[in-house]
Amino acid sequence: MFAQDHAALAELVAKNDMSESVILGNRGEWHFDIPRDSFRWQQPVPIYAQAAVLAGDQLLIAGRPDRSIDDAIAFAEGRATGELWVLSALDGEPLHHQTLAAPPILDGMIVVDGQVFINTTKNEIACLQGAN
C-alpha cells in the first residue's frame, strides 16, 4: 500500500498528458511507473487487497492472505480465511490486524458509524466494531 499527495499526482498527469484514471491503472493496465519518491508513505501488507475504505485518518484494507499456492487452492475451494488491516492514513503505520472467517468479495466493505461491514465470499456479512 502507498499514499501519494494529490498535488504529486496532478503533476504526473500534466507532465505525461494523461488522465488520473490511466495513471492510477483504472483501465486495467499501467502506462508507466509512478516514481516511488513521490509517495508520502508505503507499507507492505501481506494480503491480496480486495476491499479498501478510507475512514477519517484510518485506511482499512481487507483481502485474502498472500502466502502460498496452498492458500490459493484453499481460496478456490472456499476454505480460505481473510484478513483486515487498519493502517494510519497519515503515515501508513499498522494500527490493527484481524483474521476474518472468509475473504471479502471485491469492494465488499463499508464503514458506517464506527462499524465495519464486510461482505465475504461465504455470502455472510461480518460486522466489526472499531475501538475509535
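Start with the whole chain: among contacts between residues at least 6 apart in sequence, 39% join residues at least 24 apart. Bear in mind that this is a predicted model.

**Stop 1: the whole protein**

Colour by secondary structure. You get three helices and nine strands. Trace the chain from the N terminus and the elements read β-α-α-β-β-β-α-β-β-β-β-β. Now switch on the surface. The accessible area is about 8,300 Å². Carbon and sulfur atoms account for 51% of that area. Of the 132 residues, 36% are buried.

**Stop 2: the three-stranded sheet**

Select residues 104–112, which make up S7. Add 115–120 for S8 and 125–129 for S9. These three strands form an open sheet, ordered S7-S8-S9, with antiparallel pairing. S7 and S9 are the edge strands, each pairing on one side only. Look along the sheet: neighbouring strands are turned by 20° against each other on average, with direction ignored.

What holds such strands together? Strands of a sheet pair through backbone hydrogen bonds. Show the backbone atoms for the next two stops.

**Stop 3: S7 against S8**

Keep S7 and S8 visible. They pair in the antiparallel sense over five bridges. Pick Pro104 and look across: which residue of S8 is its bridge partner? The partner is Thr120. Follow the two strands to their connection, where they form a hairpin with two residues between them.

**Stop 4: the turn at Asp113**

Centre on Asp113. This residue lies in the loop between S7 and S8. Check its backbone torsions: phi is near 50°, a positive value in a residue other than glycine. Is Asp113 buried or exposed? Its relative accessible area is 76%, so Asp113 is exposed, the cut-off being over 50%.

**Stop 5: Asp107**

Step back along the chain to Asp107. This one sits within strand S7 rather than in the loop. Its phi is also positive, at about 60°, although Asp107 is not a glycine. Asp107 has 61% relative accessibility and therefore counts as exposed.

**Stop 6: S8 against S9**

Hide S7 and bring up S9. S8 and S9 run antiparallel and are joined by five bridges. Select Ile118, then find its bridge partner in S9: that is Ala126.

**Last view**

Show S7, S8 and S9 together again. S8 now sits in the middle of the S7-S8-S9 order. Mark Asp107 in S7 and Asp113 in the loop between S7 and S8. With both labelled, you have the two positive-phi stops of this tour, Asp107 at about 60° and Asp113 near 50°.

Methods: Residues numbered from 1 in each chain as written. Predicted model: local features only at pLDDT ≥ 70, side-chain atom pairs only at ≥ 80, totals over all residues. Heavy atoms only, no water. Helix = DSSP H or I, 4+ residues; strand = E, 2+ residues; numbered from the N terminus. Buried < 20%, exposed > 50% of the residue type's maximum accessible area, 1.4 Å probe, protein only. Pairing = 2+ DSSP bridges. Axes fitted to C-alpha atoms, helices over the stretch in contact; angles between N-to-C directions. Contact = heavy atoms within 4.5 Å. Areas by Shrake-Rupley, 256 points an atom, 1.4 Å probe, with all protein chains shown as cover.
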